[in-house]
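Biologist: Could you walk me through this model, one question at a time? I'm new to this, so please explain the terms as we go.

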Amino acid sequence: MAMSMRRTFLHLHRITSSTLKNAEASLEVSYPLPFVVPVRTKKRYFIPPAVGLKGKNQGDQEAKARAAGIVIRQQYMERAINIACTAGVFDPYIPPEGDARLSSLSKEGLKQRTEQIRQSAASQLAIRKIKEHDSEFTTKGFPERAQDIFIQAHNALTQFDKQTLHSLVTERCYPEMTRGNRSKTLRWRFLESLEPPRVVHARCPDMVSKGNLYGQVTLRMHSRQTLAVYDRFGRLMFGSEEEARDVLEYLVLERHLVNPYGRWRLHAKIVPSWAPAKDPIVKTVMIPGPELKPGEEFEALNYDVPTPAAVQWHK
């Protein structure tokens, strides 16, 4: 009885399914295919750290990388150096106290002269080394050429000619000359030489290797100059364009002797310990004034600008 009922239901199912298929074919019914719609989620600005990173250190990661056959380059704490010039002045010249003030006929002047003769032995050896690499170098003709380099470098500085300034000063001297000159106007003139410039010191050190020689010559220059510095508002900060001053300077010029294309350039300036202090810079400050009403002018109020009290500064 049960088997006959099952056979009957199977027969009815087959008939029904065949009937539905024939009806779909006659009506041309088509079902849509499944498709995927991409949905963009919100961008995550914070990515949580991986689990378990706190327990791992740099050594464990390097060990795992070596075990996996990955070679990690060693990182060196290096600082770039420039071999076109030295980083300072070797055995700097110590100017005698009272230079350009003491007469060579006085007692103190004679002592300074004899001391210079004693210290000139090392300078003579250095000048010989310099002449071996620079055949045009002479102690008589070099001061005039060095003075021209000094004048051209300062003219390029006032005109902000970077390309010319790089060819006249070393890489060490360039940032010292240009530091703090942004948004300022410089007016500088070389008037005359009070004394002919002369070579007072010479050294020929080597750097990095034994044969890598540099020539450093210290020049004494006593001249008359004018200097005026204006701020970005055009107000005078330092000096004067009309007042000329006598300036005694000790300039250090350097050349890379091994380099066949090397040239003498301004390297440093020696400031003696007994030199007088510079004049303070006059800075432009804003002093608060009265509040003006609409239609009022400051000149009509006859307002007295208060002068600041004197303050003693200590270094």
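Biologist: What volume does the second largest pocket have?

Modeller: This is a predicted model, in which local features need pLDDT of at least 70 and side-chain atom pairs count only at pLDDT 80 or more, while totals for chains, interfaces and linings use all residues. Residues are numbered from 1 along each chain as its sequence is written, and side-chain values use heavy atoms, without hydrogens and water. A pocket is an open set of points on a 1 Å grid where a 1.4 Å probe fits, with protein on both sides within 12 Å along at least five of seven lines. Filling the second largest pocket with probe spheres set on its points gives about 370 Å³.

Biologist: Which element gives the largest share of its lining?

Modeller: Lining residues have an atom within 4 Å of a point, and this pocket has 15, with Gln116, Ser120, Val199, Val200 and His201 nearest its centre. Helices (H or I, at least four residues) and strands (E, at least two) are DSSP runs, numbered from the N terminus. Strand 1 and helix 3 (107–133) each supply at least two lining residues. The largest share, 8 residues, belongs to helix 3.

Biologist: Now the largest pocket: which element gives the most to its lining?

Modeller: The largest pocket holds about 2000 Å³ of space. Of its 49 lining residues, Leu227, Phe238, Glu249, Lys269 and Lys278 are the closest to the centre. Helix 4, helix 6, strand 1, strand 2, strand 3 and strand 4 each give two or more residues. With 13 residues, the most comes from strand 3.

Biologist: Which residue of strand 3 is the bridge partner of His222?

Modeller: Two strands pair if DSSP finds at least two bridges between them. Strand 2 (residues 214–230) and strand 3 (residues 236–256) are antiparallel, paired over 16 bridges. In strand 3, His222 is matched with Leu248.

Biologist: And which residue of strand 4 stands opposite Tyr250?

Modeller: Strand 3 also runs antiparallel to strand 4 (residues 265–270), joined by 5 bridges. Opposite Tyr250 in strand 4 is Ile270.

Biologist: How far apart are the end C-alpha atoms of helix 4?

Modeller: Helix 4 covers residues 142–159, 18 residues in total. The expected span is 1.5 Å times one less than the number of residues, so helix 4 should span 26 Å. That agrees with the model, where the end C-alpha atoms are separated by 26 Å.

Biologist: Which residue just after helix 4 takes a positive phi?

Modeller: Look at the position that follows the end of helix 4. The residue there, with a phi of about 55 degrees, is Phe160.
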